[in-house]
Amino acid sequence: MSGKFVVVGGGIAGVTCAEQLAHQFPSERVYLLSASPLIKAATNLKQVSRILEEFDVEEQASTRLQNRFPNITVVQSAVTELRSQEKKVITEGGSQFGYDKLCLCAGASPKLITQGNPHVLGIRDTDSAQEFQRRLTGARRVVVVGNGGIALELVYELQGCQVIWVIRDKAIGNTFFDAGAAEFLIPQLKSEKPQVPVACRRTKYTTDVALVGKENSLGSALGPDWHGGLDLRATGEFGHWVHIETQCEVTKILLQEEFRQLNVTASTFPEDQTTEHSSASSNG
Ligand SMILES: Cc1cc2nc3c(=O)[nH]c(=O)nc-3n(C[C@H](O)[C@H](O)[C@H](O)COP(=O)(O)OP(=O)(O)OC[C@H]3O[C@@H](n4cnc5c(N)ncnc54)[C@H](O)[C@@H]3O)c2cc1C
């Protein structure tokens with residue numbers, strides 16, 4: 001098969017790219033190749049001001065996109081090979097797609113602090129989030145490394161286990177708010193979660209888990225309210241037990257056996273839950 005344009009990836013970037021190409025070149029065929037069964041599309045676009053737009057991101061069956069743009073063909077198959085000299089991509093099903101122009105929108109993968117350690121997980125898509133939930137059921141202590149939005153939400157949501165939150169910065173959530181606001185939020189992280197969820201004044205986003213791809217497929221990245229359908233509760237009795245280790249960088253992660261060989265005593269979880277611990281060097 002051959003089209004002027006081949007777009008790889010059915011996430012928001014790939015779908016928007018395919019839509020724009022189909023719109024601007026209505027007589028050309030655009031192939032959208034995606035590993036995931038659902039595609040992500042921007043809908044309800046509103047121009048709020050000259051530079052501010054508002055839109056929703058919606059998971060859709062690929063037929064909806066093909067109905068709107070008859071010159072788009074969506075193929076659900078992962079691309080396994082790119083032959084740039086021949087201007088061809090090969091899919092896992094063995095099909096070959098020739099192109100004049102290729103757009104690669106296959107998403108990003110988390111930059112994990114270590115590779116190959118079975119205890120280190122990154123959360124990216126529905127599969128990895130569900131795997132995390134599965135591991136959590138047997139966990140006594142979870143170490144969350146990183147100070148971005150996903151870590152912030154995760155530390156608040158985790159219950160029933162000890163949580164050690166390791167951040168390089170002086171204050172939590174410094175990409176979103178200042179150190180003063182962070183101080184104000186810390187008690188919320190450590191107090192019991194309300195039984196009835198606090199009323200939410202914004203639109204909530206949900207995904208249809210039943211329609212999400214088969215196990216180990218390369219799914220699209222998650223979005224707002226990604227933890228909505230997950231039970232982030234371990235089996236311990238305590239609710240929120242969070243210790244924040246600020247100005248700390250993880251330099252090495254040891255397996256249990258390697259730790260034993262060091263012949264040192266493991267630190268206990270700090271009893272004083274109200275203070276943060278600051279360390280210039282890592283003890284992560
Ligand atoms: C937990 C979490 C929460 C987030 N929350 C927010 C938020 O609140 N707001 C926000 O704006 N952003 C959020 N993001 C970021 C947002 O999800 C990403 O920026 C966005 O999805 C990136 O879109 P993309 O199209 O580039 O990649 P992706 O959404 O990752 O899409 C990549 C696509 O490529 C396909 N693909 C991959 N490999 C192949 C292959 N070999 N062959 C064919 N297809 C392939 C995949 O199946 C997928 O369809 C969050 C991310 C995570 C992980």
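## Exercises on a predicted model

Apart from neighbours within four places in sequence, Ile-253 makes contacts with Thr-114, Asn-117 and Val-120, where two residues are in contact if their C-beta atoms, placed from the backbone, lie within 7 Å. The structure is a predicted model, in which local features need pLDDT of at least 70 and side-chain atom pairs count only at pLDDT 80 or more, while totals for chains, interfaces and linings use all residues. Residues are numbered from 1 along each chain as its sequence is written.

**Exercise 1.** Locate Ile-253 in the chain, and decide whether Ile-253 is buried, partly exposed or exposed.

*Solution.* Begin with the secondary structure, which comes to 6 helices and 12 strands; helices (H or I, at least four residues) and strands (E, at least two) are DSSP runs, numbered from the N terminus. Ile-253 has its place in the loop between β11 and α6. Next, recall that a residue is buried if 20 or more other C-beta atoms lie within 10 Å of its own, exposed if 12 or fewer, and partly exposed in between, with C-beta atoms placed from the backbone. Because Ile-253 has 15 C-beta neighbours inside 10 Å, Ile-253 counts as partly exposed. Finally, compare sequence with space: Ile-253 and His-119 are 134 residues apart in sequence, and their C-alpha atoms are 9.7 Å apart.

**Exercise 2.** Find where Gln-247 and Asn-263 lie, and describe the phi angle of Gln-247 and that of Asn-263.

*Solution.* Gln-247 belongs to the loop between β11 (240-246) and α6 (256-262), and although Gln-247 is not a glycine, its phi is positive, at about 45°. With 17 C-beta neighbours inside 10 Å, Gln-247 is partly exposed. Asn-263 sits in the loop between α6 and β12 (277-278), and its phi, near 60°, is likewise positive in a residue other than glycine. Asn-263 is exposed, because 6 other C-beta atoms lie within 10 Å.

**Exercise 3.** Identify which buried residues helix α3 holds, and explain how they are placed around the axis.

*Solution.* In α3, which spans residues 126-136, the residues Thr-126, Ala-129 and Leu-136 are buried. These residues cover an arc of only 90° around the axis, the arc being that of the directions from the helix axis to the C-beta atoms, so they are on the same side of α3. As a general rule, an α-helix has 3.6 residues a turn, so residues three or four places apart point the same way.

**Exercise 4.** Describe the largest nonpolar core and name the element that gives the largest share of it.

*Solution.* A nonpolar core is a set of buried Ala, Val, Leu, Ile, Met, Phe, Trp, Tyr and Cys residues joined through C-beta atoms within 7 Å. The largest one has 24 residues, of which Val-6, Val-7, Ala-18, Val-30, Leu-32, Leu-33 and Ile-72 touch the most other members. At least two residues of this core come from each of β1 (2-8), α1, β2, β3 (38-47), β5 (72-76) and β8 (96-104), and α1 provides the largest share, 6 residues. A second, separate core has 17 residues, among them Val-145, Val-155, Trp-165 and Leu-189.

**Exercise 5.** State which residues come nearest to the ligand, and which elements surround it.

*Solution.* A residue counts as near if its C-beta atom, placed from the backbone, lies within 6 Å of the molecule. Of the 27 residues around the ligand, Gly-9, Gly-11, Ala-13, Gly-107 and Ala-221 come nearest. Both α1 (12-24) and β2 (30-34) supply at least two residues of this shell, with the largest share, 3 residues, coming from α1.
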